[in-house]
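Here's a quick briefing to read with the model open in your viewer. Grab a coffee and follow along topic by topic.

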Amino acid sequence: MKAVKMVAALLIVLMFVVIHLIAPDFLPEVLELLSHGDISETAEYIKSYGSMAIAFSFLLTLFVNAIGFPPAIIFSTANTLIFGIFWGIVLSVVAETVGVTISFLLLRFFFRDTAKQLIEKSRFLRSIDKYSSKKGFAVMLIARMVPYMPSGVLNAVGALSSLSLRDYFLASFIGKFPSTGIEAIIGHDTITQQEDFTRIIVVVIFAIALIIGALWYERRHVR
């Protein structure tokens, strides 16, 4: 298994090397963009890709959520500025969900065995791990709904717990709609100097409905 993990790590590094060889300026430009964290600059950079802007934004948002840095609000807000609030949020949620799922798979593949060894040595950690397998869906769903919650932390917690991939994916996908919606709308309205609290109220009501639905799902289907 150690050999497999080493090969996997080398393949990831090789992927970035190939990207750099094909487009030498691409990675430095993206890293500089990420270091600035400027929403307007990010939006202009994405728009510079023209007809490929949607695909590029999707991959960039995915990548940021996979590594957990910088804050996803930069890219979700940029997407609303480029593609409009509705489609910008939809694009961001789908890309973010794919990104955090990739992060979940990689973290679980590389570190879950180590986490298991630590868990086996502690009764408290075993209880937490057991709880995550039974109640993890609702907990992850509610955590994903909280605006400005660090994505990298939730990725790691989910991957190192006993939460199933299906529950993690569904909780992340559903939970990101209200949190990403609130973040993106606030960011969009701040930059464009608009104020429309109706949209925020709708998102909050939607979040409450999702929480109620999650609790119902857990009672009916999770044992």
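Which residues form a nonpolar patch on the surface? They are Leu11, Val13, Leu14, Val17, Val18, Leu21 and Ile22, and together they put about 680 Å² of accessible area on show. Keep in mind that this is a predicted model. The chain has 10 helices and zero strands, and 39% of its 223 residues count as buried.

**Overall fold**

- Read from the N terminus on, the elements go α-α-α-α-α-α-α-α-α-α.
- If you're after a helix that sits inside, look at helix 5 (residues 73–83): eight of its 11 residues are buried, so the rest of the structure largely encloses it.
- The buried residues in helix 5 are Ile73, Ile74, Phe75, Ser76, Thr77, Ala78, Asn79 and Thr80.
- Right after helix 5 comes Gly84, which has a positive phi, near 95°.

**The nonpolar patch**

- Ile22, one of the patch residues, belongs to helix 1, which covers residues 2–22.
- Is Ile22 buried or exposed? Ile22 counts as exposed because its relative accessibility is 67%, and the cut-off for that label is over 50%.

**The second largest pocket**

- This pocket has a volume of about 270 Å³.
- There are 20 residues lining the second largest pocket, and the closest to its centre are Ala72, Met149, Pro150, Ser151 and Glu183.
- Which elements give two or more residues to that lining? That would be helix 4 (53–67), helix 7 (123–145), helix 8 (151–160) and helix 9 (165–192).
- Helix 9 hands over the largest share of the lining, with four residues.
- Sorted by class, the lining of the second largest pocket comes out as 11 nonpolar, five polar and four charged residues.

**Salt bridges**

- How many salt bridges does the structure hold? There are three, and each one gets its own bullets below.
- For background, side chains of opposite charge can pair when their charged atoms come close.
- Lys47 and Glu44 bring their side chains together in a salt bridge at 3.2 Å, N to O.
- Those two sit three residues apart in helix 3 (residues 39–47), so about one helical turn separates Lys47 from Glu44.
- Lys47 is partly exposed, at a relative accessible area of 44%, and Glu44 is partly exposed too, at 49%.
- Glu96 and Lys176 make another salt bridge, at 3.0 Å, N to O.
- Glu96 is in helix 6 (residues 85–120) and Lys176 is in helix 9, so this pair ties together parts that are 80 residues apart in sequence.
- Both partners, Glu96 and Lys176, are buried.
- Arg166 and Asp167 also meet through their side chains in a salt bridge, at 3.3 Å, N to O.
- What about exposure for Arg166 and Asp167? Arg166 counts as exposed because its relative accessibility is 54%, whereas Asp167 counts as buried because its relative accessibility is 8%, with the buried label meaning under 20%.

Conventions: Residues numbered from 1 in each chain as written. Predicted model: local features only at pLDDT ≥ 70, side-chain atom pairs only at ≥ 80, totals over all residues. Heavy atoms only, no water. Patch = residues over 30% accessible without salt bridge, like charges linked within 9 Å, V, L, I, M, F, W, Y side chains within 5 Å. Areas by Shrake-Rupley, 256 points an atom, 1.4 Å probe, with all protein chains shown as cover. Salt bridge = Lys/Arg side-chain N within 4 Å of Asp/Glu carboxyl O. Buried < 20%, exposed > 50% of the residue type's maximum accessible area, 1.4 Å probe, protein only. 1 Å grid on protein atoms, 1.4 Å probe; cavity = no way out; pocket = protein on both sides within 12 Å on 5 of 7 lines; lining within 4 Å. Points joined across faces, edges and corners; volume = space filled by probe spheres on them. Nonpolar A, V, L, I, M, F, W, Y, C, P; charged D, E, K, R; others polar.
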